[in-house]
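Visitor: Please take a close look at the metal site of this model. I would like the coordination first, and then the parts of the chain around the site.

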Amino acid sequence: MLKIYNTLTRKVEDFVPNVEGKVNMYTCGPTVYHFAHIGNLRSYICEDVLEKSLRYMGYDVKRVMNITDVGHLSSDADTGEDKMLKGAKRENKTVMEIADFYTKAFFADCAALNIKTPDVVEPATNCIPEFIKMIEGLLEKGYAYKSGPNIYFDTSKLKEYYVFGNQNEDELIVGVRDDVEEDKNKRNKNDFVLWFTQSKFEDQALKWDSPWGVGYPGWHIECSCISMKHLGEYMDIHCGGVDNIFPHHTNEIAQSESYIGHKWCNYWFHVHHLNDRSGKMSKSKGNILTVTVLKENGYNPLTYRFFCLQSHYRKPLEFSYEALDNAVTAYDKLKKSALRCTQGEQGAVDEAVVKEYKDKFIAALSSDINTSSALTVVYDVIKADCSNATKTELINSFDSVLGLDLLKPEEEKENEAIDEELKAYVEDMIAKRAEAKKAKDFATADSIRNELASKGIIIKDTREGVVWELSK
Ligand code: AMP
Ligand code: ZN
């Protein structure tokens with residue numbers, strides 16, 4: 001029986017899905033205004049392992065993910081700028097160009113890390129009619145109100161707002177930036193915006209007509225609507241990083257359960273953060289490392305996946321190149337030993353041994369997705385006293401969950417598409433900088449250089465022209 005930690009109850013619980021044998025699973029997708037950093041990707045690696053573990057255990061899984069291409073503000077309060085708009089301004093592109101570029105970059109990173117694409121991937125901008133319908137429903141039921149230019153969710157109408165282990169207000173507020181001005185239109189401090197209208201963001205690029213005026217949705221509404229669109233009103237597992245617990249998931253529960261009138265999702269799976277020595281890796285702080293940078297520094301992206309699997313998803317993980325180098329050594333050794341099992345005399349597959357080790361592997365995963373114990377089972381198989389054919393079959397089977405390409409002879413996994421895109425993007429930026437310099441617009445030229453630097457791309461003016469490299 002799978003046991004899994006549930007943030008709702010703060011306990012490790014038996015996993016019992018709503019419908020026997022089936023799992024409805026939802027993952028909060030990326031905000032596509034920047035490259036995903038390897039911290040974001042830690043969350044997606046762990047969620048991928050969860051999905052693959054469930055499939056390995058025989059569940060029929062349907063997994064849905066959104067793409068946040070509108071509505072996520074640069075602070076977790078309802079003030080501040082839309083992150084997508086910020087990205088578009090920074091790169092002098094339209095919001096849709098930004099969304100398209102970073103969505104492709106995200107899936108290229110996922111492919112390099114052997115992260116399976118969820119069964120359904122839906123961008124928020126596809127679902128505006130569904131958002132409007134839910135907001136109308138919340139207004140009709142008295143859970144939402146119009147104030148000034150916006151529609152807000154009224155948290156005072158709920159019996160229970162902080163459902164995650166009853167954290168108190170002070171604990172939760174810690175996670176929210178306090179340098180943002182409070183929105184005067186809110187009736188209660190924790191109320192959040194469901195729909196913005198143009199009067200608040202005059203330069204908002206993407207706007208839609210709505211019963212409340214031309215505008216755009218708040219951030220939280222998308223996950224409630226997109227999950228219900230594809231998974232219905234009952235969900236088994238909802239995933240995200242721990243920073244999503246408040247306010248995002250808290251608000252998702254508030255609006256979803258008010259709308260449908262019953263409990264929505266039974267298990268909440270949250271992945272702890274990847275930190276570096278300066279703290280949590282975050283796109284807005286700028287201390288980000290990407291898969292492309294790892295590759296440029298000579299790392300096979302799967303060694304990062306291995307690094308993540310060595311630790312438990314419920315513990316913060318500190319990244320350093322020294323730690324990654326240790327993972328590389330261990331990964332290379334493991335892969336060499338695994339490959340040795342495919343060589344030489346194979347013999348016959350011993351079904352009893354296969355079952356014994358598969359049971360051990362499932363037991364490790366059933367213990368709250370204990371990936372490091374699951375890896376230990378792989379080491380045990382390699383050392384086991386059985387035929388090479390048996391070992392090969394087991395390692396192959398385990399790798400359908402671990403995703404480490406343990407039996408793939410050549411570890412080179414080139415991702416040329418994204419490299420080409422990156423090249424085209426940098427060259428475009430260099431050309432724009434040259435134009436700005438020609439027009440003596442040095443402020444723009446500098447901001448382009450800084451923008452590239454914020455992505456780890458360093459440009460140098462040489463006698464032969466401008467050259468660029470990824471920072472080490
Ligand atoms: P975002 O693109 O900011 O919406 O984040 C995408 C996913 O990455 C969400 O599930 C976040 O909770 C998660 N996340 C953000 N920062 C980190 C981090 N440093 N470590 C692990 N997961 C993170
Ligand atoms: Zn979400």
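Guide: Four donors count as tetrahedral if all angles lie between 85 and 135 degrees, and as square planar if opposite donors are over 155 degrees apart and all others between 65 and 115; anything else is irregular. The model is a predicted one. In this model the angles subtended at the zinc ion (ligand 2) by its four donor atoms run from 70 to 131°, and therefore the arrangement is irregular. The donors are Cys28 (SG), Cys223 (SG), His248 (NE2) and Glu252 (OE), at 2.0 to 2.7 Å from the zinc ion (ligand 2). Water is not among the atoms, so sites may look incomplete.

Along the chain, the donors of the zinc ion (ligand 2) are spaced as C-x194-C-x24-H-x3-E. The two cysteines tie together distant parts of the chain: Cys28 sits in the loop between β3 (22-27) and α1 (38-56), Cys223 sits in helix α6 (residues 221-231), and 195 residues separate them. Cys28 and Cys223 are both buried. For Cys223 the relative accessible area is 1%, and it therefore counts as buried.

No disulfides turn up in a search of the whole structure. Cys308, for instance, is in no disulfide; its nearest cysteine sulfur belongs to Cys46, at 6.0 Å. Cys308 is buried as well, with a relative accessible area of 1%.

Next comes the helix that follows in the chain. Helix α7 (residues 245-260) has 16 residues, which at 1.5 Å a residue should span 22 Å; the end C-alpha atoms are 21 Å apart, in agreement with that value. Of the 16 residues of α7, 15 are buried, so the helix is mostly covered. Pro247 is part of helix α7, and the peptide bond joining Phe246 to Pro247 is cis, with omega about 5°. Most residues other than glycine have a negative phi, and most peptide bonds are trans. After α7 comes Gly261, with a positive phi near 80°.

A further cysteine, Cys239, has its place in strand β10 (residues 235-241). Cys239 is buried, at a relative accessible area of 0%. Leaving out residues up to four places away in sequence, Cys239 touches Met25, Tyr26, Thr27, Cys28, Glu47, Leu50, His249 and Phe269. One of these contacts is thus with the zinc donor Cys28. Another is with Glu47: the C-alpha atoms of Cys239 and Glu47 are separated by 6.9 Å, although the two residues are 192 residues apart along the chain.

The wider surroundings can be described through the nonpolar cores. In soluble globular proteins, nonpolar side chains tend to be buried together. Here the largest nonpolar core has 100 residues, and Leu54, Ile237, Tyr304 and Phe398 have the most contacts inside it. Apart from that core lies another, of 47 residues, which includes Ala124, Tyr152, Leu231 and Ile245. Leu54 touches Leu2, Phe15, Val23, Met25, Tyr59, Val61 and Ile237, again not counting residues up to four places away in sequence. Met25 is a contact of Leu54 and also a contact of Cys239.

Further along the chain, Leu402 is in helix α13 and counts as buried, at 0% relative accessibility. The C-alpha atoms of Leu402 and Lys52 are separated by 8.2 Å, with the two positions 350 residues apart along the chain counted as their separation. Beyond residues up to four places away in sequence, Leu402 touches Arg305, Leu309, Phe361, Ala374, Leu375 and Val378.

Two aspartates have backbone angles that merit a check. Asp368 has a phi near 50°, a positive value in a residue other than glycine. Asp368 lies in the loop between α11 (351-366) and α12 (371-383), and at 4% relative accessibility it counts as buried. Asp405 likewise has a positive phi, near 50°. Asp405 lies in the loop between α13 (388-402) and α14 (416-438) and counts as buried at 15% relative accessibility.

Note on methods: Residues numbered from 1 in each chain as written. Chains lettered and ligands numbered in written order. Heavy atoms only, no water. Donors = N, O, S within 2.8 Å, 3.2 Å for Na, K, Ca; no water. Tetrahedral: all angles 85-135°; square planar, octahedral: opposite > 155°, others 65-115°. Helix = DSSP H or I, 4+ residues; strand = E, 2+ residues; numbered from the N terminus. Buried < 20%, exposed > 50% of the residue type's maximum accessible area, 1.4 Å probe, protein only. Core = buried A, V, L, I, M, F, W, Y, C linked by side-chain atoms within 4.5 Å. Contact = heavy atoms within 4.5 Å. Disulfide = S-S within 2.5 Å. Expected span 1.5 Å × (residues − 1).
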